[in-house]
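Visitor: I would like a friendly walk through this fold, with the reasoning laid out step by step. Could you show me the structure before we start?

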Amino acid sequence: MESVIKTVNLRKAYRVGNEKVVALDCINLEIPKGQVCCILGTSGSGKSTLLNQLAGLEKPTRGEVYIKNKKISVMTEKQLAHFRQRNIGFVFQSYNLLQGMSAIDNVAIPMTFRGVSKTKRIKLAKEMLKKVGLGKRMSHKPKEMSGGQQQRVGIARAFVTKPDVVFADEPTGNLDTRTTREIMDLFLEFSRHYGITIVLVSHDQNLARYADRIVTLVDGEIISDKENHSLYDVTNELRELIKPMVQNEQYDELAKIILKYTGEYTEGVCVQALEDAFIDLKNPQNFMETLIAKIDNETEKSLFLRIGRETGAIPKETDSKRLAQNKSNREKIVASKDKKKKDKKSFWDKFKKKKTEADQTTKQEENTQSNAEIKTEPQTTESQTKSEVTDNEKNSLEAVTVKESNADEIIIEYKDDDNLSEDVYTDIAKDENKTNTEKSNTEGNK
């Protein structure tokens, strides 16, 4: 098969102070047309440096790089820019979308550099966005989309011109497991449909299993280069196998197939295949529960339960428990509030009743006492009332001694002021005023 990418004795070294670091050493690699190749390695293994060499983003220290039989390792920057516009697409981990532009405008950018008319650019961009499942998000800007949706826009942008090669640097590094499967399916679908060569760079073993070939790097050297049965193809094979089994309710045969594929590949493969098989099924939950009931092994039963939850056929236990708990809590809160209202109303009703009874009892006692006083009260005359003097007043008067020291002055002595009532003070003051007035009149006559 014709090679689209080829390297010959590729070497890349960096000078760090007085030390020389060899990032790539004697890399010989050929990637045929339409193949999905994953360069796998840990951080610092040299995988990103190799990607930059293959894409013409860096010049090699030694060796040669060919794309479509063009020696890009000796091209100028201007020649490389023109070559990349025509033949290469890129997908980045951080999406690298223009924030001020809509999804359509971002996808149309590569065609602008190729001189495609605006009408055609918009048409092709819309078609590609529909293929990646963003038909209703065309006018949205990146900040209005999720990470998975932004990466779909990035994929549409990379494939819209149908380049010969697409380079992807950790394309699913910021995505969850389910979205990763969906993104990788898009990569493989476009590769198979358009015959595009894809070079993936990743540290993730699970992502590498979607590739047709896995090249493993350690310390800048290739230590493994092997063919791989892509999970994309495995999933499609499994879909064809299990769809009639689901429709005909062949539980035993289906269980054997799922156990085989989960053992050889991953649970995700079976999840995707079952999801498609359940599309036309009226009651997927009933189907999965029947299938699980026929399995005796607890480990296998747990496996099928997980797969059922991943497909959505069986509600997740955590969600069910959480919803039930929330419902129970809400009911308890409402019951508690109702009880408090009833207790409060009961308290005030009892309080009002007791207060009313107490007021009535007090009123009756006052009436009874008043009637008794009226019956026992003696008749008194006005003269008796005037002649009566309280004990306090008597004591107070006894406590006062009036002495006449001379003709001009009257001296009043108080034995004990504390025993004098206010009325006594008033009477004494009146006597003093009277005496002084008489004295003044006598002097005036003289």
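Guide: Gladly, and please keep in mind that this is a predicted model. Let us begin with H9 and H11, which are roughly perpendicular to each other.

Visitor: Why are H9 and H11 described as roughly perpendicular to each other?

Guide: The axes of helix H9 (residues 251-264) and helix H11 (residues 284-293) cross at roughly 80° and come within 10 Å. Angles of 65 to 115 degrees count as roughly perpendicular. The crossing of H9 and H11 is therefore classed as roughly perpendicular.

Visitor: Which residues of H9 and H11 make the contact, and how do they divide into nonpolar, polar and charged?

Guide: From H9 come Tyr251, Leu254 and Ala255. H11 answers with Phe287, Thr290 and Leu291. By class, the residues of this contact are five nonpolar, one polar and no charged.

Visitor: At what angle do H6 and H10 pack, and which word describes it: parallel or perpendicular?

Guide: The axes of H6 and H10 lie 12 Å apart. Their packing angle is about 75°. H6 and H10 are therefore, once again in this tour, roughly perpendicular.

Visitor: Which residues make the contact of H6 with H10, and how do they divide by class?

Guide: H6 brings Arg178, Arg181 and Asp185, while H10 brings Gly268, Val271, Gln272 and Glu275. Sorted by class, the residues of this contact are one nonpolar, two polar and four charged.

Visitor: Let us turn to the sheets. In the open sheet of four strands, which strands stand at the edges?

Guide: The order of the four strands is S2-S1-S4-S5, and the pairing is antiparallel. An edge strand here has a single partner strand, so one side of it is left without a neighbour in the sheet. The strands that fit this are strand S2 (19-32) and S5.

Visitor: Which helix packs on that sheet, and which strands does it touch?

Guide: The helix is H1 (residues 47-54). Its direction makes about 120° with that of S1. The strands touched by H1 are S1, S2 and S4.

Visitor: How many bridges join S1 to S4, and which residue stands opposite threonine 7?

Guide: Strand S1 (residues 3-16) and strand S4 (residues 62-67) run antiparallel and are joined by five bridges. Opposite threonine 7, in S4, stands valine 65.

Visitor: Which residue in the turn between S4 and S5 has a positive phi?

Guide: S4 pairs with strand S5 (residues 70-71) in the antiparallel sense over two bridges, and isoleucine 67 stands opposite lysine 70 in S5. The two strands form a hairpin with two residues between them. The turn residue with a positive phi, about 55°, is lysine 68.

Visitor: What is the strand order in the sheet of six strands, and which strands are its edges?

Guide: This open sheet has mixed pairing and the order S6-S7-S8-S3-S9-S10. Its neighbouring strands are turned by 15° against each other on average, direction ignored. The strands that pair on one side only are S6 and strand S10 (221-227).

Visitor: How many bridges pair S9 with S10, and which residue stands opposite arginine 213?

Guide: Strand S9 (residues 213-218) and S10 pair in the antiparallel sense over six bridges. Opposite arginine 213, in S10, stands glutamate 227.

Visitor: Now the pockets. Which residues lie nearest the centre of the largest pocket?

Guide: About 430 Å³ of space lies in the largest pocket. Helices H2 (77-87), H3 (103-113) and H5 (147-159) and strand S6 (88-91) each supply at least two residues of its lining. The 16 lining residues are ten nonpolar, three polar and three charged. Nearest the centre lie Arg84, Ile88, Phe90, Pro110 and Phe113.

Visitor: And in the second largest pocket, which residues are closest to the centre?

Guide: The second largest pocket holds about 360 Å³ of space. Its lining has five nonpolar, nine polar and six charged residues. Of the 20 residues that line this pocket, the closest to its centre are Thr177, Thr180, Arg181, Asn206 and Tyr210.

Methods. Residues numbered from 1 in each chain as written. Predicted model: local features only at pLDDT ≥ 70, side-chain atom pairs only at ≥ 80, totals over all residues. Heavy atoms only, no water. 1 Å grid on protein atoms, 1.4 Å probe; cavity = no way out; pocket = protein on both sides within 12 Å on 5 of 7 lines; lining within 4 Å. Points joined across faces, edges and corners; volume = space filled by probe spheres on them. Nonpolar A, V, L, I, M, F, W, Y, C, P; charged D, E, K, R; others polar. Axes fitted to C-alpha atoms, helices over the stretch in contact; angles between N-to-C directions. Parallel < 35°, antiparallel > 145°, perpendicular 65-115°, else oblique. Contact = heavy atoms within 4.5 Å. Pairing = 2+ DSSP bridges.
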